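These are my notebook entries on one structure. I set down what I looked up, topic by topic.

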Amino acid sequence: MSEDQLTPRSENFSDWYNELVLKAELADYSPVRGCMVVRPYGWTLWENIQQALDRRFKDTGHVNAAFPLFIPMSFLEKEKEHVAGFAPELAVVTHGGGEKLEEPLVVRPTSETVIGYMYSKWIKSWRDLPVLINQWGNVVRWELRTKLFLRTAEFYWQEGHTAHATEQEAREETLRMLGVYADFAINEAAIPVVQGIKSETEKFAGAVMSTTIEAMMGDTKALQSGTSHYLGQNFAKAFDIQYVDQNNTQQFCHTTSWGLSTRMIGAIIMTHGDDKGLILPPRLAPIQVVIVPIYKNADEKSVVMAVTDRVFQELKTAGIRLKVDDREEVTPGFKYNDWEMRGVPLRMEIGPKDVEKNSVALARRDRPGKEGKTFVSQEKLAATVAEMLTTIQAALLERATAFRDANIHTPKDYEDLKQIVQNGWAFSYWCESKACEAKVKEDTKASTRCIPLAGQPEQAGNCIVCGAPAKRKVYFAKSY
RNA sequence: CGGGGUGUAGCGCAGCUGGCUAGCGCGCUUGCUUUGGGAGCAAGAGGCCGUCGGUUCGAAUCCGUCCACCCCGACCA
């Protein structure tokens, strides 16, 4: 139970987040440093995320498979940048069955290498392409500084790995899947995201191009919420993924990879949550509606529960995920606070007065207090509830979008940029040099988040840092 | 991995410069009364004082070690 007050979000965002994850029973710390235990409520949320994504993957022609957790150390070493990027955070297995292994096994930090190895066996002809495979699983990266959901040593995700005949096809796939992530984030998680390209310094180790969906959290920091990479022929050459084309010549494939992790849960928490706790988007919420029956005595209880049971069945049949909180040991007031903390989008109260008037009370989580409470008829209740859930979903997206837009600014000059990134995102021209990027980072701790695909100006301008000619604008922001 | 902080009941804390049987609030258990915004009363249960070692007649308290977590840096989905 969570009787204690949550640290207000405005007072200390980090404490608020940590307390909320624990109190809402999304996750808990594990006995192993840096790892997390995802509790049933958090895992159900993840399952809903998985379903929404998996549906989209299937719709775009992908199939699921499973590749091993262990990867021979030598595989990682085959792609130079890849191993350089991941070496510091590898977990390595040196013993098995009481014997020292001939070759150490890496616990996968990502699966490009094993999958590349398999692809080289499976792909022979242009007729075998494209290969469009996704895997749901867990990976391990030995992180030094961890935070539940946002960065843990082990995390759960999906990784898509595709192989194509041409660069164009692979680049299209990269952007297609970025679009899938953006569609998911916006329409399921109600998180407005910017689609864009990562800078050279920020891109994935071994990629030719990395793309990202960037989201703004409630403290204005940016969170990379999903990534999609065009890997060029880097992994194809390292693992000899070749096919014979129509002209009977050997060609290297062009590959992509794309991933979205349990970090998305952190994004949902930090985008929508408020001082009272979590606010879950109805489309992903494990419990969309909680019914709190109210009664004073056995007589009232029997009539109230009769209506409650009938309403429960009706909504359940309509496909709404709901729960009746019939706990006897806590008062209705306690339940209100408890479910608000857990982020259930809609609360229904059914009491003696409602039984009398053939009504129920509905309270919207996104609008606390009296403002969000209405009394509706029990007639056509499933339709009323479904409509209200849709309204809440839209309201969350609208609010998050307004917040984000209000905190993105175009700096007049470099001094202005330094101010802006203290509490928001700066959108400005950048010459795309590592030096300017590094200078911003050193001066402000803000990094380039992405060069957005949409919304680029027609005309060229001047780099906000050095004044050199610049073709494109970039977002600078502090990030998680 | 560097700098700072914290670790005493499930949770939040007190226990001061070394001393008695280690306390308080919340939660938990049982009973009765309650129930439309975090209920009340009564009686209970619950503690290797993070770990290992040292100083001491005596350590939750002093010293050291390690571990975990939090904050700030360097590194990252």
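Is C35 buried or exposed? I find C35 buried, because its relative accessibility is 17%; buried means under 20% relative accessible area, exposed over 50% and partly exposed in between, with a 1.4 Å probe and protein chains only.

**Basis of the entries**

I am working from a predicted model, in which local features need pLDDT of at least 70 and side-chain atom pairs count only at pLDDT 80 or more, while totals for chains, interfaces and linings use all residues. Residues are numbered from 1 along each chain as its sequence is written, chains are lettered from A and ligands numbered from 1 in the order in which they are written, and side-chain values use heavy atoms, with hydrogens and water left out.

**Cysteines**

I searched the whole structure for disulfides (a pair of cysteine sulfur atoms within 2.5 Å) and found zero. I then asked why C466 has no bond to C436. The sulfur of C436 is the closest cysteine sulfur to that of C466, but at 3.6 Å it is too far for a bond. C466 is partly exposed, because its relative accessible area is 44%.

**RNA strand B**

I looked up which residues are near RNA strand B, meaning that one of their heavy atoms lies within 4 Å of the strand. There are 43 such residues, and the closest are S14, R151, Q224, T331 and D354. Of the RNA strand B atoms that come within 4 Å of the protein, 41% belong to sugar and phosphate.

By class, I recorded 19 charged, 13 polar and eleven nonpolar residues on this surface. Ala, Val, Leu, Ile, Met, Phe, Trp, Tyr, Cys and Pro count as nonpolar, Asp, Glu, Lys and Arg as charged, and the others, Gly among them, as polar.

Among the elements that supply at least two residues each are α1 (13-23), β17 (346-350) and α11 (352-357). Helix α10 gives the most, with seven residues. Helices (H or I, at least four residues) and strands (E, at least two) are DSSP runs, numbered from the N terminus.

I also noted individual atom pairs. A side-chain N or O atom of N337 is 3.0 Å from a base nitrogen of RNA strand B, and a polar side-chain atom of E349 is 3.3 Å from a base nitrogen. At G34, a polar backbone atom lies 3.3 Å from a phosphate oxygen of the strand.

**V307**

V307 sits in helix α9 (residues 298-317). With a relative accessible area of 11%, V307 is buried. Beyond its neighbours within four places in sequence, V307 is in contact (heavy atoms within 4.5 Å) with I350, V355 and Q378.

Technical notes:
A polar contact is a pair of N or O atoms within 3.5 Å; within protein, one must be able to donate a hydrogen and the other to accept it, and residues adjacent in sequence count only if both atoms are side-chain atoms.
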